[in-house]
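Take the structure below one level at a time. The route runs from overall fold to domains, then to the chain contact, and ends at a single residue.

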Amino acid sequence: MRKTNWLQQILTQISLLVIGLYVMVPIWGAIRLAFDGSLKSRPVEFRLFPKELSLKPFLSVLDRPYQSVDFVDLLKNSLIVSLGAALIALVLGASLAYAFARYRFPGRKPALFVLLFAAMLPPVAFMTPLYIVLSMVQLRTTLLGLTLVYVTFALPFCIWNMRAGFQSVAKELEEAAFLDGANSLQTFWFVSLPLSLPSITIAGLIAFLMGYSEFAMGWLFVSNAETVTLAMSIYAMVQSGNAQPWSILASMFIIMSIPIVIVFAVLQNTLLDRMLFVSQKK
Amino acid sequence: MKNKKIIIKFLMVFGILIVAALAGTIRWHALTTLNVDYDEDDYLRAAQQYTTIIRAGDWDALKETNYRSEHPPLAKIVFGISLLPLPEKTLIADRPTSAGPNQYLPRDLLRNARITSAIFGTLTAALVALVDPVGGFFLAIHAFTTKYVSQVMLEALPAFTSILSAFFYIQWKKRRRKEFAWLIASGLFLGLTAASKYIYCVVGIAIIIDWMIVAIQSKEIKKTIIPLLGWGLFSIVVFFAANPYFWADPFGRIKETLVYYSSYSTTATEVTSAGYPFWQPLVYLFSTPKSWQPNAILVAVDPLITLFAILGFKSQLKKQSLYSIWVLVALVFLFIYPVKWAQYVVILTAPLCIMAGEGFKNTILIPILNWLSQIRITKSNSIAVVRYDTKKALPWLIPGIIVFVLFTILPLIFEVGVSLTDFNSISIKDGFEGGIFREVWGAFTGKIQSVDTEFPFREKMVSFIGTSAYPIVLRSVTDNGILFFNLFWTVASVGLQTMLGLLAALLLKQKKVFMKKGWEILFILPWAIPEMIGALMWVNVFQPETGWLSLGVSQYGTSFPFSFLNGWQNSSSMQMLVLLIAGVWYGFPFMMLAASAGLKLLPKEVYDAAAIDGANGIKVFRWITWPMLVPLLVPAVIIRSIFAFNQFYLFQVFPTGQLTLAGLSYNLFNPSGFFINGQFAISAVINVITVVILVIFVVILNKWSNASEGVTYA
């Protein structure tokens, strides 16, 4: 019995290692470039490790990575736009999501269909109307304008995801709250919302990522340097080709990804906690 | 009761006649207008030779004549017979297979041979209509089929005999495998198929597979193996009988044919220089030949037919499995076979259209009929079946609807408006000052007539152009393979992501996995890394010449791991593989999270019970985990499919030149792009088309998953 367990463990570890290598190949490719101080332009030889271990690329990124804009400003713009968009989308979407999850009303099914398909639309689908409308109200090149653009992209998807979250909350709990005299707003606030927080955070995280890593629409809407986000600056650097050492680009990748990875790790814990709570209910 | 049967029979006959008339008209139009295509001169030359032989009654020469001998002679002989009533012309010149189309063929010969083809093409559609009227209708209007059965090609006759072979086999199957006359007929037509063009024999393989499946299920292998052998032998006998070229020296000529095929498919310049990816047959099925010669092809809805066929695959498999198996076998064959000419899709369009008929019935016809009968029921019954709690829902609904309309619905309506104009970056000022509204409103109230403008739009003032841009854009995205690539990408990448994600979740779910948490965090990384950065990291690996792989191969040679991927940018199949590597990397963690979240929700009691009953790991997965996990996994698959279909950033940064609909729309829109830029209206048209495709997508997913079905409780 014990022997087979060992065998199973080894096989499992080998499989996990293969997947792990697949995951790590491109990441390591970026890391090795980012810490290499010797690169002047594109890499010219194959290396597994940096030739000249150095933090120089990071320091130059943290100084002025893109034209004359400070790194802090880029980061600030990114956070304002993407966090703002995620929060607005969640708040605006919550009521419709809850209505879909909990109530039956005429036209519910066709409406759900419309919602699902709105969530399926690519950002590009909203590009034309938003460009024109935001230009008309003179918001197109501002950070608020970009935030609203990202809200539009994320909203249907957030509603759809939150609906699933609210729906997964056990019926008995809500009914119990209702019998205890809570009204529907209280039931929502004290029972449904906390219980479905994992799904909501996932929805929010995706909405956040959408804005944080968006560059194409950004370049379409924004024209002045003060409103450029991190992702947009990276794309501009890639477009400019070999002008800068690739190590700078690679260190940008890492700097931009690290906060997300951390945010994600934190949310992952909440997510697990909430799921434990669900199973404790039994 | 009896009357009803007669009416149905009458309708059936009527339907077949309509399909035949329609097919005939469309094919007649095609055969009179189509330009001369590659190979038509070859087969006409072969036909002329047979005409001479038949006129002279020189039967010995028949055994020695087979121009373009890689194809068996039957279809060419039939063409030869069709030329008998015409006066003899000088023999058409012998040219290599790689030569361009010969436009100076004698018109009367061409016409007679094409009519012969079209007759068989029309009969095929009528025969399919006998099996399924809607399917027959689809085959009648199928543009690729129409084109190749209206030319002097070898497609029409074997397409006809192969469907007959299948048809008679099914008749035999339906009669409890007792009336052998049907089976003999099936073998006869299979033999004739082989004597016309070899690749149409895929129907024979499909019949054998279908036979096996039924025999194994009913445990009648021994009982049915002799009829199977007899059927096969008989068709071989028919093949030789209908193939006079093989009479004199059967083995030598079989060898000659085999040698020809093995060298043609790997060395012929027109094959190797075409550079088609392995999935090219699917590209044909998702496009139309309309852009090759717009005036000759009247209807071009092939992509829609393919879509219905996909929808009908499953239920056709249950209803009459042979047709679905036939399509599958043919597709697998066409994927493997290195030659990818468009006419080869004709080997499967007949069963494809039968599947499409089934799909059309299931997704359009039956829902509409149900809906109609529901209306009738609700009218007669005043008692409401569903209980609504609209009053309670209103406080939640009203703010939600306002938000949704403002942020989602209105922009989309606006987009449809823009798509009806020629709005572009030159007319941007007029557009912002209300030009779009003026034009669209004017057109709806009848004050403004639609205008004809040339693409790319460069007018200073916005004008209403109606829906005239739609057919042009639609044809362009189907015929350039963009639409197909988009769909293929979605299916392939989501499929692989789901498999890998599920595998990772199951591996980590086991008890006492060493470093469980560490692996979990590592696997989540690709999802936490923004898509564009992940894509750029993969670009850094795969970049030709300066990428990791390329540098490694140039330093260490082909012993470098994955060196076979080097040079991927030169082949479409390899480009796809590399894009999939990057796409799956980015997408699988989401599926893993969804799967492990699902696995945690599965009740432990069931597993304990299974353990007590002594079920092993595979059994537990097959009968407990999988069925309970699927419904939990479906929302994640839907979300990933959305992402994959709309995937844009990956293609925007990866230097392959592959475009999705979103990418095309963006690049046409971008006022400062390098492309034909600032075409706001065309981009809006593409987006509206995307919206329509996504609706079909949602219907498919909904059908398979019931994702938007009911509330869990109310």
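Helices and strands here are DSSP runs: a helix is H or I over at least four residues, and a strand is E over at least two. On that basis chain B has 30 helices and zero strands. The model is a predicted one.

How does the radius of gyration of chain B compare with the globule rule? The radius is 30 Å, and the rule gives 27 Å for 714 residues. The two values are close, so chain B is as compact as a globular protein of that length. Along the principal axes, the C-alpha atoms of chain B fill a box of roughly 90 × 80 × 80 Å. Of its 714 residues, 46% count as buried. Sequence separation adds to the picture. Take the contacts in chain B between residues at least 6 apart in sequence: 77% of them join residues at least 24 apart.

Next come the domains. The domain assignment splits out domain 1 of chain B, residues 2-361, and domain 2 of chain B, residues 485-665. Their C-alpha centres lie 40 Å apart. Five residues of domain 1 of chain B are in contact with five residues of domain 2 of chain B. What classes of residue does domain 1 of chain B bring to that contact? Its side has five nonpolar residues, with no polar and no charged ones.

Now turn to the contact between the chains. Chain B contributes 82 residues and chain A contributes 77. Which element supplies the largest share of the chain B side? Helix H18 of chain B, residues 390-419, does so with 16 residues. By class, the side of chain B that touches chain A divides into 57 nonpolar, 19 polar and six charged residues.

H18 also leads to the last stop. B:Ile426 sits in the loop between H18 and helix H19 (428-444) of chain B. Is B:Ile426 buried or partly exposed? The count is 18 other C-beta atoms within 10 Å. Burial needs 20 or more, and exposed means 12 or fewer. B:Ile426 is therefore partly exposed.

Its partners come from further along the chain. Leaving aside neighbours within four places in sequence, B:Ile426 is in contact with B:Arg458, B:Glu459 and B:Lys460. B:Phe457 gives a distance to check on screen. B:Ile426 and B:Phe457 are 31 residues apart in sequence. In space, C-alpha to C-alpha, the two are 8.5 Å apart.

Terms used
Residues numbered from 1 in each chain as written. Chains lettered and ligands numbered in written order. Predicted model: local features only at pLDDT ≥ 70, side-chain atom pairs only at ≥ 80, totals over all residues. Domains from an automatic or database assignment. Contact = placed C-beta atoms within 7 Å. Nonpolar A, V, L, I, M, F, W, Y, C, P; charged D, E, K, R; others polar. Rg over C-alpha atoms; globule rule 2.2 N^0.38 Å.
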